Amino acid sequence: MTANFRVRLVPCVLAFLLLAGWAGTAHAQGYISPLIGFNFGGDANCPQITNCQDKRLNYGVGLGRMGNVLGFEEEFAYAKDFFGTAPNLNSSVLTVMSNGMFVPNVGPIRPYALFGLGLIRTHVDFTPTSLLTTDNTNFGWNIGGGVIVRGKHLGVRGDIRYFHTFGDQTIAGFTLSDSAMNFGRASIALMLLF
């Protein structure tokens, strides 16, 4: 690992462990949160969040815990046809993110901000001859925020997140060549609280 990569990775890992510990303190509430959304900007097919007719749906689920101020979430999301549709083309993006949350308990309406690290996997397949198939799994990060409206056992939330890959990394003198990727996602989710 290069010093630059280590300098970025080590503090982030320590921060996530610390946040995960705080999320488990008294009054923590667990949740399962299935989501639906769409991608925009960056490498997505929609250049902006509004005025786009060719939105690609995104499905996923978040599992987490919220304390009085901090929380932690593991989120899995999948977007089919991320790069658009064309004859003989299949594409998708899978994101797996571990997120630390700042989610102050200010009543039934809880604003939140989050930051996370994880994996972003792209798959592109030209079919039926499959002359070109690419699978790229990159380390990435996401940042975003939103609002939770909740009752005792049910809630809804809406958020906007921005996803980025780290791009090229040099580890042990070898360069792992990954093209940088970025996009945004707007989503709405049901929250099952326990």
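Helices (H or I, at least four residues) and strands (E, at least two) are DSSP runs, numbered from the N terminus. This is a predicted model, where local features need pLDDT of at least 70, side-chain atom pairs count only at pLDDT 80 or more, and totals for chains, interfaces and linings use all residues. Residues are numbered from 1 along each chain as its sequence is written, and side-chain values use heavy atoms, with hydrogens and water left out.

**Exercise 1. Work out which elements the protein has, and how confident the predictor is in them.**

*Solution.*
- Step 1: The tally of secondary structure is 1 helix and 10 strands. Reading from the N terminus, the order is α-β-β-β-β-β-β-β-β-β-β.
- Step 2: Now for pLDDT, the predictor's confidence in each residue, from 0 to 100. Its mean over the protein is 82, and 74% of the residues reach 70 or more.
- Step 3: Watch out for residues 21–25, where pLDDT stays under 50. The model has 8 contacts beyond four places in sequence for that stretch, a contact being heavy atoms within 4.5 Å. Where pLDDT is low, don't read the predicted coordinates in detail.
- Step 4: Take the contacts in the protein with a separation of 6 or more: 62% of them come from residues 24 or more positions apart.

**Exercise 2. Find where Thr 122 sits and what it touches.**

*Solution.*
- Step 1: Thr 122 belongs to strand S5, which covers residues 109–126.
- Step 2: Is it buried or exposed? Buried means under 20% relative accessible area, exposed over 50%, and partly exposed in between (1.4 Å probe, protein chains only). Thr 122 has 8% relative accessibility, so it counts as buried. Across the protein's 194 residues, 41% count as buried.
- Step 3: Leaving aside residues up to four places away in sequence, Thr 122 touches Phe 83, Ser 92, Val 93, Thr 134, Asp 135, Asn 136 and Met 181.
- Step 4: One of those partners is Asn 136. The C-alpha atoms of Thr 122 and Asn 136 are 5.2 Å apart, with their positions 14 residues apart along the chain.

**Exercise 3. Trace the salt bridges around Glu 73.**

*Solution.*
- Step 1: Set the rule: a salt bridge is a side-chain nitrogen of Lys or Arg within 4 Å of a carboxyl oxygen of Asp or Glu. With that rule you get 5 salt bridges. In general, side chains of opposite charge can pair when their charged atoms come close.
- Step 2: Start with Arg 157 and Glu 73, whose side chains form a salt bridge at 2.6 Å, N to O. Arg 157 is in strand S7 (residues 154–165) and Glu 73 in strand S3 (residues 70–80), so this pair ties together parts 84 residues apart in sequence. Both Arg 157 and Glu 73 are buried.
- Step 3: Glu 73 also pairs with Arg 161, at 3.1 Å, N to O. Here too the partners lie in S3 and S7, so the pair links parts that are 88 residues apart in sequence. The relative accessible area is 0% for Glu 73, and 0% for Arg 161.
- Step 4: Move on from Arg 161 to Asp 159: their side chains meet in a salt bridge of 2.9 Å, N to O. Arg 161 and Asp 159 are buried.
- Step 5: Put it together: Glu 73, Glu 75, Arg 157, Asp 159, Arg 161 and Arg 185 are linked in a network of salt bridges.

**Exercise 4. Describe the surroundings of Asn 142.**

*Solution.*
- Step 1: Asn 142 is part of strand S6. Its relative accessibility is 0%, so Asn 142 counts as buried.
- Step 2: The side chains of Asn 142 and Asn 99 share a polar contact of 2.7 Å. The cut-off: a pair of N or O atoms within 3.5 Å; within protein, one must be able to donate a hydrogen and the other to accept it, and residues adjacent in sequence count only if both atoms are side-chain atoms.
- Step 3: Beyond four places in sequence, Asn 142 touches several residues, among them Met 97, Leu 114, Gly 116, Arg 161 and Phe 163.

**Exercise 5. Say what is unusual to check at Asp 81.***Solution.*
- Step 1: Asp 81 has a phi near 55 degrees, a positive value in a residue other than glycine.
- Step 2: Asp 81 lies in the loop between S3 and strand S4 (89–102).
- Step 3: With a relative accessible area of 17%, Asp 81 is buried.
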